[in-house]
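Hello,

Here is the structure I said I would pass on. My notes on it follow below.

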Amino acid sequence: MTSAQCFCGKVCKNPRGLKIHQAKMRCVRTVPVAQRSGNTPGETQEELGQETNHSAQNHQVTQALNPRRTSEHRRVKWPQAYKEKEWLQFDEDADTIVEAIAKSDADQRLQNMTTIIISLAAERFGLEEKRTGNLPYTKNNRSKKIHQLRQELKSLRRRFKEAREEETGPLVELRNILHKKLMTLRRAEWHRRRRKERARKRAAFIANPFGFTKQLLGKKRNGQLTCSKAEIDHHLRDTFCDRSREQDLGHCQHLIDPPAPTLDFDGKEPSWKEIQEVIKKARSNSAPGPSGVPYRVYKNCPKLLHRLWKILKVIWRRGKVAQQWRFAEGVWIPKEEESKTIDQFRTISLLSVEGKIFFSIVARRLTDYLLRNIDTSVQKGGIPKVPGCLEHTGVVTQLIREARENKGDLVVLWLDLRNTYGSIPHKLVEEALRWYHIPGKLAQA
C-alpha cells in the first residue's frame, strides 16, 4: 500500500485517505480563475484544462463560496443525458466527497454540496468555451470554381478591350460560354445554401417552436447596458424598494371576510415523492442561479438528489429560508434595438435551483390549501387545469360579436400593472396571507 502526501505536509496511508483529509481540512492547491464577465449571462473567462476521468485530482474540494459575494459559477460542459455511466460515476464520486464533510449546519452543507458539484464537474467534464464571432467562411469546390470563372471573365474583359476587330468574335463567344457556366454554378450554389438554411431553421423550429417564432415575428431587441454599478443599484432601489413597508394599511371595509378553513395546511416535511415530481417537471435547460447547479444534475444524479432532500427537510423543520436562497443573479434583457440606458432594459433574477425546488413544493401545497378552502366559482387565474384566460377571452369575443351584430355600443378595457413587484405595497402581500388564514410560520419564512 503506497502512502500519499498532501500539500500541507500531512502523510496519509493511501490515496483514499488523502482525499478524505483534503475534504475535511479543505487543503487544496487552488488555481486562480477570473471572475465571470461579458455581455452574455453565463459567459466565462476561465480556460482550465480537463482532467482525466476518475483521477485522484477530481476529488479535491475547494472552499465554499460566500453567498454575499458576486456569483462566479462556471459554465460546465455537462454530458448528455444518455451517457448514464458518466452520470452515475459522477453521482457516486460527488456523493462520497459530500459525505466526508456532511457534519455542519444545513446552510453550510448546502453551500458545500453545490460548490463540490461545480468544482468536480469543471475538472471532470471541462468548461464550455467562450462564444466567439462567426466562423470564417470556407469555400467548397463549387465556390472555388465560381471564383475561378469570375477571374477568367475579368481577364477576358481586359483582353476584349485590347483585342483587334477579328479577335472580338471568338472572345465574345468564349465569354458567353464562361458566363453560362458561371450562372449554372451560381444557381446550384444558391439552391444548396437555401436547402441548408431551410434545414437549419426547420431544426430550430422543432427544437423550440415558441422561441423560433418569437425570434422570427417578434420585435428586434439588442444592445449593451452602459450604466455603472451605482446607477443600477439606485435604479433597483427606487423601482422595487417599498419605503413604507412597515406602515400599517388599516382596515378596508369593502373586503369580504373569507370563511375559516375547513382543512389545515399540510405542514409535513417534503416527501421524496414530491421532490421527484418537481424534478421531473423541471426543464433541463433552465438557467442556473448563483449556485451554478442546473436541474439536469439532480435529474441524473439520484444520490445527490436524495442528499438535497435531507437538507430541505432540515430547512423545512427550522422554518427559516437558507441564506444563499436570498440572493439572485440579475440578467438585463434589452427591450428595443440599440438599447443603452437602464430604462431600455428589463431585469430577470436567476435563483438557485435548490431554492426553486423547495419553493415549488411550498407553492403546490399552498395552492392545494387555498383550492380546498376558497370559492373557485369566480377565481380563474392561478388555478391548475383551469383555462381561465381562454374562458375570459371567449366571453369577451362573444360580447364583441353580439355588439357588432346588434350594432350596439361596447367598451372593452384592458388593465395592466406597471412595475407590478414595485408598485404593490409589501404590507399588502403580508395582509393577504393573513386574510386567507395562511399559517404564520409559512408567511414569515
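Please keep in mind that this is a predicted model. I start with one residue and work outwards.

Tyrosine 298, not counting its neighbours within four places in sequence, is in contact with Met113, Thr114, Ile117, Ile279, Val293, Leu304, Leu305, Leu308, Val353, Glu354 and Ile357.

Tyr298 also belongs to the largest nonpolar core, which has 44 residues. Together with Trp78, Phe90, Ile117 and Ile357, Tyr298 touches the most other members of that core. At least two core residues come from each of these helices: H2 (84-100), H3 (106-125), H8 (272-281), H9 (295-300), H10 (302-318) and H11 (353-373). The biggest contribution is from H3, which gives 10 residues. Another core, of eight residues, lies apart from this one; Leu149, Leu153, Leu156 and Ala163 are among its members.

Some detail on H3. Of its 20 residues, 16 are buried, so H3 is largely enclosed by the rest of the structure. The length of H3 agrees with expectation: at 1.5 Å a residue, its 20 residues should span 28 Å, and its end C-alpha atoms are 28 Å apart. After H3 comes glycine 126, with a positive phi near 85 degrees.

Now to the surface. Val395, Leu399, Ile400, Leu410, Val412 and Trp414 make a nonpolar patch of about 560 Å² there. One of these residues, isoleucine 400, sits in helix H12 (residues 388-405). Isoleucine 400 counts as partly exposed because its relative accessibility is 33%, and the limits for that class are 20% and 50%.

Regards

Key. Residues numbered from 1 in each chain as written. Predicted model: local features only at pLDDT ≥ 70, side-chain atom pairs only at ≥ 80, totals over all residues. Heavy atoms only, no water. Patch = residues over 30% accessible without salt bridge, like charges linked within 9 Å, V, L, I, M, F, W, Y side chains within 5 Å. Areas by Shrake-Rupley, 256 points an atom, 1.4 Å probe, with all protein chains shown as cover. Salt bridge = Lys/Arg side-chain N within 4 Å of Asp/Glu carboxyl O. Helix = DSSP H or I, 4+ residues; strand = E, 2+ residues; numbered from the N terminus. Buried < 20%, exposed > 50% of the residue type's maximum accessible area, 1.4 Å probe, protein only. Core = buried A, V, L, I, M, F, W, Y, C linked by side-chain atoms within 4.5 Å. Contact = heavy atoms within 4.5 Å. Expected span 1.5 Å × (residues − 1).
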